[in-house]
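Good morning, colleagues. Please look at the sequence and the structure as they come up on the screen, and I shall then take you through them.

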Amino acid sequence: MHFGVPAQAGTHVLVRTMPFVYLLATKPDGTLYVGSTFELGRRVWQHKMRAVPGFTAKYGVNRLVWFEAHERLETALVRERQIKKWKRDWKINLIEGGNPHWADLYPSLSP
């Protein structure tokens, strides 16, 4: 996954944003939240800081445990709605398929 290229002195870098679908959790096997965004790092930071009132702020759901990038907004929104309809076990299998220890993936987003 490509999040940008480090800038050299005096140059400008165009960072292409793309839509992401993501899952947050409070802890392993904890409360889950499914969302989508164009700026994954910024959005997860908002969840961590409880910057936006709502479900994740109220219940402290802020551990990024799974995400995937999409080329088009439409496909990301379809995938988000699909996952929201899934049974909890299916979501857990999705997370554990790539992140068996439920590590917080947020630090890996930094360039």
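Before we begin, one term is needed: two strands are said to pair if DSSP finds at least two bridges between them. Please also bear in mind that this is a predicted model.

With that definition in hand, let us turn to the hairpin. Strand β1, residues 20-25, and strand β2, residues 32-37, pair in the antiparallel sense, and six bridges hold this pairing. Phe 20, for instance, stands opposite Thr 37 in β2. Between the two strands of the hairpin there are six residues, and Asp 29 takes a positive phi near 65°.

Let me now step back to the chain. The protein chain has four helices and three strands, and along the sequence these follow the pattern β-β-α-α-β-α-α. Of the 111 residues in the chain, 36% are buried. If we consider the contacts with a separation of 6 or more, 60% of them are between residues 24 or more positions apart. The chain exposes about 7,100 Å², of which carbon and sulfur atoms supply 55%.

How are the three strands ordered in the sheet? The sheet is open, its order is β2-β1-β3, and the pairing is antiparallel. Strands β2 and β3, the latter covering 63-69, stand at the edges with a single partner strand each, so one side of each is left without a neighbour in the sheet. On average, and ignoring direction, neighbouring strands of this sheet are turned by 20° against each other.

The pairing of β1 with β3 is antiparallel and has six bridges. Within it, Leu 23 has Trp 66 in β3 as its bridge partner. Helix α1 packs on the sheet, where it touches β1, β2 and β3, and its direction makes about 25° with that of β1. Helix α3, residues 73-85, also packs on the sheet and touches β1, β2 and β3; its direction makes about 170° with that of β2.

I should like to close with one residue, His 47, which lies in helix α1, residues 40-49. Is His 47 buried or exposed? Its relative accessible area is 3%, and because buried means under 20%, His 47 counts as buried. The side chain of His 47 makes a polar contact with the side chain of Tyr 22, at 2.8 Å. Leaving aside neighbours within four places in sequence, His 47 is in contact with Tyr 22, Leu 24, Tyr 33, Thr 56, Val 61 and Asn 62.

Thank you for your attention.

Technical notes
Residues numbered from 1 in each chain as written. Predicted model: local features only at pLDDT ≥ 70, side-chain atom pairs only at ≥ 80, totals over all residues. Heavy atoms only, no water. Buried < 20%, exposed > 50% of the residue type's maximum accessible area, 1.4 Å probe, protein only. Contact = heavy atoms within 4.5 Å. Areas by Shrake-Rupley, 256 points an atom, 1.4 Å probe, with all protein chains shown as cover. Polar contact = N/O pair within 3.5 Å; in protein donor to acceptor, adjacent residues only side chain to side chain. Axes fitted to C-alpha atoms, helices over the stretch in contact; angles between N-to-C directions.
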